[in-house]
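Thanks for sharing this one. Here are a few notes to read alongside the coordinates, in the order I would go through them.

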Amino acid sequence: MLMKYMVPFSLLSVIFISIFLFGCGSDRTQPTDSSSPSTSDGHGNHSHQGMNGQSDMEKMNVALSKLSTEDAASAEKQHVCPVSGKMLGVMGPPQKVDANDQPVWICCDGCKDKLLSDPDVYLAKLKKE
């Protein structure tokens, strides 16, 4: 009779431990403030948040290590994407784009069209920083 209750208890224990260790699968860290990117700014097709628990600075360092030494120094000096305002490298290696004969680093391909459609606006943002 005791065996009859041990199997369901064991199964429930495994389920409870799995949920405790791995979570229920919902992402509770989604941004809620108005400064977070929306689908209307070209960033709706990917996430700005990593799942590996690294800080933004750690993510940037990893992403920049994939660039040449010269490009990494240039991107690190610029530090932020002029279009999204996000730190370069938090979404993977940044992209270098030529805007008005000036190299500009952007966080992702979603920022490229905006930068190229109005380069003076975004170049002015870089000069302020």
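1. Let me start with Gln78, which sits in helix H3. This is a predicted model, and in it Gln78 has a relative accessible area of 13%, so it counts as buried, the cut-off being under 20%. Setting aside neighbours within four places in sequence, Gln78 is in contact with Leu88, Val104, Trp105, Leu126 and Glu129.

2. Which other residues of H3 are buried? Asp71, Ala72 and Ala75 join Gln78 in that group. They lie on the same side of H3, because the arc they cover around the axis is only 130°. Thr69, Glu70 and Lys77, on the other side of the helix, are exposed.

3. What do the buried residues of H3 pack against? Their partners are two helices, H2 (56-64) and H5 (119-128), together with strands E1 (95-99) and E2. Just after H3 comes His79, and you may like to look at its backbone: phi is positive there, near 75°.

4. Gln78 also turns up in the lining of the second largest pocket, along with Ser74, Lys77, Gln102, Pro103, Trp105 and Leu126. The volume of this pocket is about 160 Å³. Helix H3 (69-78) and strand E2 (102-106) each contribute at least two of the lining residues. By type, the lining splits into three nonpolar residues, three polar ones and one charged. Two names from point 1 recur here: Trp105 and Leu126 are in contact with Gln78, and both are part of this lining.

5. On to the cysteines. How many disulfides does a search of the whole structure find? The count is zero. As a reminder, a disulfide is a covalent bond between the sulfur atoms of two cysteines. For Cys81, the closest cysteine sulfur belongs to Cys111, and the separation is 3.7 Å, which is too far for a bond because the cut-off is 2.5 Å. Cys81 is buried as well, with a relative accessible area of 1%.

6. Cys107 tells a similar story. Its closest cysteine sulfur is also in Cys111, at 3.7 Å, so this pair is too far apart for a bond. Cys107 is buried, its relative accessible area being 3%. If you set up cysteines for a calculation, the point to carry over is that the search finds zero disulfides in this model.

Terms used: Residues numbered from 1 in each chain as written. Predicted model: local features only at pLDDT ≥ 70, side-chain atom pairs only at ≥ 80, totals over all residues. Heavy atoms only, no water. Buried < 20%, exposed > 50% of the residue type's maximum accessible area, 1.4 Å probe, protein only. 1 Å grid on protein atoms, 1.4 Å probe; cavity = no way out; pocket = protein on both sides within 12 Å on 5 of 7 lines; lining within 4 Å. Points joined across faces, edges and corners; volume = space filled by probe spheres on them. Helix = DSSP H or I, 4+ residues; strand = E, 2+ residues; numbered from the N terminus. Nonpolar A, V, L, I, M, F, W, Y, C, P; charged D, E, K, R; others polar. Arc of directions from axis to C-beta. Contact = heavy atoms within 4.5 Å.
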